[in-house]
Amino acid sequence: MTFELVVRGGTVVTATGRQRADVYVEDGRVAAILDPDSPESADETIDADGRFVLPGMVDTHVHLMEPGDSTREDFPTGTRAAARQGVTTIVEHTHGWPLTSAGRFEEKWHHLRDRSYVDYALAAHAFPEHAGEIRSLWEAGVTFFKIFTCTTHGIPAVTAEMLLEIFEELASLDAACLVHCEDDVMTARNERRLKAEGRIDPGVIPEWRSREAELVAVGSTALLAKVTGVRATVAHASSADVVDLIQRERAAGSPIVAETCPQYLYLHESEIHNHGPFRKFTPPARIRSAEDEDRMWNAFNDGSISHLSTDHAPSTEAQKREGTIWECHFGLPGLDTTVPLMVDAALSGRTTLERLVEAYAQQPAEQYRLRGKGRVEVGYDADLVILDPQATWQITNEAVVSRAGWTPFAGRDVQGRVESVLLRGHPIEDGAPPRGRFMPGPGG
Ligand SMILES: [Zn+2]
C-alpha cells in the first residue's frame, strides 16, 4: 500500500529502547513502523538516516501569558519556541488571567483559535473562592487544576482545610491537579523578617522561599492526596530531599507524583547573587554541590521524578529589571532550552534518550490523559522530532525564540540538534500558518 509519508532510516527511540525503523504516516497518525527498506511506499519521504526519531515532547507546565500580559509572551511566539525545539503538545495556564469559571474558559478558548503552532490543552486555577466552579470547568474541557499552597504571582493561597475540600471534589471527578508547594505561613514569616532587616540583596530569594517551606507543603499535599486519592503532581520539585519525601509518601500509598524542570538539574543556588532577577523563580535553585547535582540526576534517571516540564514563565530582560528583587517577576523562559539541554545530557551519558522520551513525552501524556500523544507507536499522532546527534552548537540569547529574548543557559555548548519537527504528520515550518489544535480534557 502507499502511505502519505514515510520517515525513513532513522533510529526510533521509545521509553524502553531504540531501533532503526521506517515510520509511515497516514491521516496524521503513525500507521506503521517497519524494518528499514521495507517494500511499502509513500507519497513523501523524509530522510532520517543517521538521525534519531523521537515522539514530540509534551510539556504540561507552560505559561504563555495570553490573554494577559502578552508583552511577556504570547501563543504564537511561545509555541514557535516550543515547536522549534521539539515540543509539540503543551498544557498552558496563565496566572495573570486565570481560568476560574467555565465562562472564562470559553473566552480563552475562542481567543486562542489559530494562534498555536503546537497542539494545546488548558489548565484552570482552583482558587479558594471559586472552588464551586471546579465541576463546570472540568466538564468544559480543562485538563487539570493548578493549586497554590502559598500566595504567589497574586494567586491566593489554598490552606490545608481548603486543600482537603478541593482534593475531595477533584477526586470525585477523577480530575488531575498540579500543586505549587510552599508553605504560606512560613514564607510570609520569612518575608516579614527579611524586610524588617532591610534586606534587598538577591540572597533574600532562597531565604524567603526556604527549603523547609517547600518540604512542609509537599508533606501536607502528599498526605491529603493519600487521604482523598486525588491524582496530584507536585510542581517543580526543587531538590532530591523533596523527591525523597514524595517517594516516602508514595511508598505509604499516596498517589502523588513529582515533576521537575531543568533549572533544578542545572542551576546552582549561589547564582542568584550574581544574576539577581535572572535567577528569581520559585522554588529557587537548590543545588549547592556536585553531590546535590548527582542526587537530582539519579532521581530523574531512576524514575523517582515522574516527569519533566519547563515551567516556562518568561519576562524580557527589561521586565526582569523592573523594581527591587522583591518586586520583579518570578520565572524563567524554558521552551527554547529544555530539549537541547536534555538531549545533550543524554548524548553525554548523564541520562538517556529513552528516559527523556519517557519523562518529557510518554509520562506527562499519561498523567494528564492527553490521548494520542507521547509515543511513536501505531495509532498515536505523528508528532515526530528528528534529531541530529552529531551537531554541536552553543545556546545563545540571540537564538531564543521566546519573547524573553534571553536564557539562563546562554553560553552552554550542547551536542545534538533538533533538525525538524512534525505535528500530526506536517512539518512545523517558519512562515507556515499555525496548525495547533485544542485538546479537550478528559472530562470535556
Ligand atoms: Zn508555573
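**Exercise 1. Which residues of helix α14 are buried?**

Work through helix α14 in this predicted model, and then look at its length and its bend.

*Solution.*
- Step 1: Go along the helix and pick out the buried residues. They are L353, E354, R355, L356, V357, A359, Y360, A361, Q362, P364, A365 and Q367.
- Step 2: Turn the list into a picture. Because 12 of the 15 residues of α14 are buried, the helix is largely enclosed by the rest of the structure.
- Step 3: Check the length. Helix α14 covers residues 353-367, and at 1.5 Å a residue its 15 residues should span 21 Å. The C-alpha atoms at its ends are 20 Å apart, which agrees.
- Step 4: Look for a bend. Helix α14 has a kink of about 35°, and A359 is at its centre. A359 is also one of the buried residues.
- Step 5: See what comes after the helix. R369 follows α14 and has a positive phi, near 55°.

**Exercise 2. Find the protein donors of the zinc ion and describe where they sit in the chain.**

*Solution.*
- Step 1: Name the donors. H61 and H63 each use NE2, while D311 uses OD; these donors lie 2.0 to 2.1 Å from the zinc ion.
- Step 2: Write down the spacing along the chain, which is H-x1-H-x247-D.
- Step 3: Place two of the donors. H61 lies in strand β6 (residues 57-62), and D311 is in the loop between β13 (307-308) and α12 (317-320), so this pair ties together parts that are 250 residues apart in sequence.
- Step 4: Ask about burial. H61 and D311 are both buried.

**Exercise 3. Trace the open sheet that contains strand β6 and find its edges.**

*Solution.*
- Step 1: Follow the order. The sheet has eight strands, β6-β7-β8-β9-β10-β11-β12-β13, with parallel pairing.
- Step 2: Find the edges. Strands β6 and β13 each pair on one side only, and these are the edge strands.
- Step 3: Inspect one edge. Strand β6 runs parallel to β7 (residues 87-92), and four bridges join the two. Within this pairing, M57 has V87 in β7 as its bridge partner.
- Step 4: Inspect the other edge. Strand β12 (residues 257-260) pairs with β13 in the parallel sense over two bridges. Here E259 stands opposite H307 in β13.
- Step 5: Add burial. Six of the six residues of β6 are buried, so this edge strand is largely enclosed by the rest of the structure.

**Exercise 4. How many disulfides are there, and why is C150 not bonded to C181?**

*Solution.*
- Step 1: Recall the cut-off: a disulfide needs two cysteine sulfur atoms within 2.5 Å.
- Step 2: Test C150. The closest cysteine sulfur is in C181, and at 8.6 Å from the sulfur of C150 it is too far for a bond.
- Step 3: Test C328. The nearest cysteine sulfur belongs to C150 and is 16 Å away; C328 is in no disulfide.
- Step 4: Give the count, which is zero disulfides.
- Step 5: Compare with burial, where the cut-off is under 20% relative accessible area. C150 counts as buried because its relative accessibility is 0%, and C328 is buried at 3%.

**Exercise 5. Is T337 buried or exposed?**

*Solution.*
- Step 1: Locate T337, which is in the loop between α12 and α13 (338-347).
- Step 2: Read its accessibility. At 3% relative accessibility, T337 counts as buried.
- Step 3: List its contacts. Setting aside neighbours within four places in sequence, T337 touches I395, T407 and F409.

Conventions
Residues are numbered from 1 along each chain as its sequence is written. This is a predicted model: local features need pLDDT of at least 70, side-chain atom pairs count only at pLDDT 80 or more; totals for chains, interfaces and linings use all residues. Side-chain values use heavy atoms; hydrogens and water are left out. Donors are N, O and S atoms within 2.8 Å of the metal (3.2 Å for Na, K and Ca); water is not among the atoms, so sites may look incomplete. Buried means under 20% relative accessible area, exposed over 50%, partly exposed in between (1.4 Å probe, protein chains only). The expected span of a helix is 1.5 Å times one less than its number of residues. The bend at a residue is the angle between axes fitted to the seven residues ending there and the seven starting there. Contact means heavy atoms within 4.5 Å. Two strands pair if DSSP finds at least two bridges between them.
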